[in-house]
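Trainee: Could you walk me through reading a protein–DNA model?
Mentor: Gladly. Here it is.

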There are 2 protein chains.
Amino acid sequence: MPVPDPLPSLPPTKQGTCPVRDVLDRLGDKWSTLLLVTLSHGAQRFNALTRSVPDISRRMLAETLRQLERDGLIWREVAPSTPPAVSYGLTPLGLSLMPVLATLIHWADRHQPAIAEARVRFDAGARKP
Amino acid sequence: MPVPDPLPSLPPTKQGTCPVRDVLDRLGDKWSTLLLVTLSHGAQRFNALTRSVPDISRRMLAETLRQLERDGLIWREVAPSTPPAVSYGLTPLGLSLMPVLATLIHWADRHQPAIAEARVRFDAGARKP
DNA sequence: CAGAATCCCCCAAGATACTG
DNA sequence: CAGTATCTTGGGGGATTCTG
């Protein structure tokens, strides 16, 4: 039974990189989504982010922030004080992504029990005795 | 300027695994999303999928399908014929994910030009001469 | 305080080959 | 046809150290 087509056919699975894949890859990396969500609660400074996301290393924090800034999803502001104070926050573009992300997170949260149950069933039935 | 909070605060960033992270990880892996989208156009058999997604190896196809099946997002049906014919398709759970995915893909597609432009600007301004 | 630079390890995933 | 099995490699990402 063919399903009513809810999706635009993907931009031809070109040899190169698909723009959609491009975005999904970023959301799929270990920290981007978490940082975006964190920043959606308000702009924060570097070390504050270290505290908000305890498991992240400074290395990955800096790198991920840079990627997000490069993509125009967050802004970066350096206050010319000593010691320097650098803040990060969502741009309008980044902000426009949040509802989409919220939908996704909501789906995940809502169906997490079903997924957990499916896993249990699968793991129970898959072994050969 | 704090942003109106569009997101449920994440389930405590527990030491263990966050259910949301769990789902995002799967969507972020290299093939899951592509396979889900492909299957949303209708159930397909194993070799048909290798043709629909030319770049995937049989190894990764089998493995990804198994993960998706384990999570209850797709079903797997073995027709007892020789040679065996195995079909895959979306479950209701998988189906319920598609609109969410479609929204995400739509966002990516819609804002891809803005992202590309942001990257160009960033790359132009970041170097130290 | 906010990073950049290095080193290093581990495993996701490609290539290849074999099987019920 | 629909997969497993084995081998191998690239690079994601942690720990640590250095700087303006």
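**Reading the DNA contacts**

Mentor: By class, the surface near DNA strand C has nine nonpolar, two polar and eight charged residues. Keep in mind that this is a predicted model.

Trainee: How many residues surround DNA strand C, and which are the closest?
Mentor: A residue counts as near if one of its heavy atoms lies within 4 Å of the strand. Here 19 residues surround DNA strand C. The closest are Arg58(A), Arg66(A), Arg76(A), Tyr88(A) and Lys30(B). Next, look at the DNA side. Of the atoms of DNA strand C that come within 4 Å of the protein, 70% belong to sugar and phosphate.

Trainee: Which elements each supply at least two residues of the surface near DNA strand C?
Mentor: Chain A gives helix 3 (46–52), helix 4 (58–70) and strand 3 (85–90). Chain B gives helix 4 (58–70).

Trainee: How do I read the polar contacts?
Mentor: Look for pairs of N or O atoms within 3.5 Å. Then ask which part of the DNA takes part. For Arg58(A), a side-chain N or O atom is 2.8 Å from a base oxygen of DNA strand C. Arg59(B) also places a side-chain N or O atom by a base of this strand: a base nitrogen is 3.1 Å away. Val86(A) uses a backbone N or O atom, 3.5 Å from a phosphate oxygen of DNA strand C.

Trainee: Now DNA strand D. Which residues come nearest?
Mentor: Lys30(A), Arg45(B), Arg58(B), Arg76(B) and Tyr88(B), out of 19 residues around DNA strand D. Sugar and phosphate make up 65% of the DNA strand D atoms within 4 Å of the protein.

Trainee: Which parts of DNA strand D do Arg45(B) and Arg58(B) approach?
Mentor: Arg45(B) has a polar side-chain atom 2.8 Å from a phosphate oxygen of DNA strand D. Arg58(B) has one 2.5 Å from a base oxygen of that strand. From chain A, the side chain of Arg59(A) has an N or O atom 2.9 Å from a base nitrogen of DNA strand D. The elements giving two or more residues to this surface are helix 4 of chain A with helix 3 (46–52), helix 4 and strand 3 (85–90) of chain B. By class, the surface near DNA strand D holds nine nonpolar, two polar and eight charged residues.

Trainee: What does UniProt list for residues 18–116 of chain A?
Mentor: Read the record first, then the geometry. An unreviewed UniProt entry lists "domain: HTH hxlR-type" there. Over residues 18–116, chain A is 65% helix and 14% strand. The end C-alpha atoms of that stretch are 31 Å apart.

Terms used:
Residues numbered from 1 in each chain as written. Chains lettered and ligands numbered in written order. Predicted model: local features only at pLDDT ≥ 70, side-chain atom pairs only at ≥ 80, totals over all residues. Heavy atoms only, no water. Polar contact = N/O pair within 3.5 Å; in protein donor to acceptor, adjacent residues only side chain to side chain. Helix = DSSP H or I, 4+ residues; strand = E, 2+ residues; numbered from the N terminus. Nonpolar A, V, L, I, M, F, W, Y, C, P; charged D, E, K, R; others polar. UniProt positions renumbered as here; feature names shortened; annotations may be inferred.
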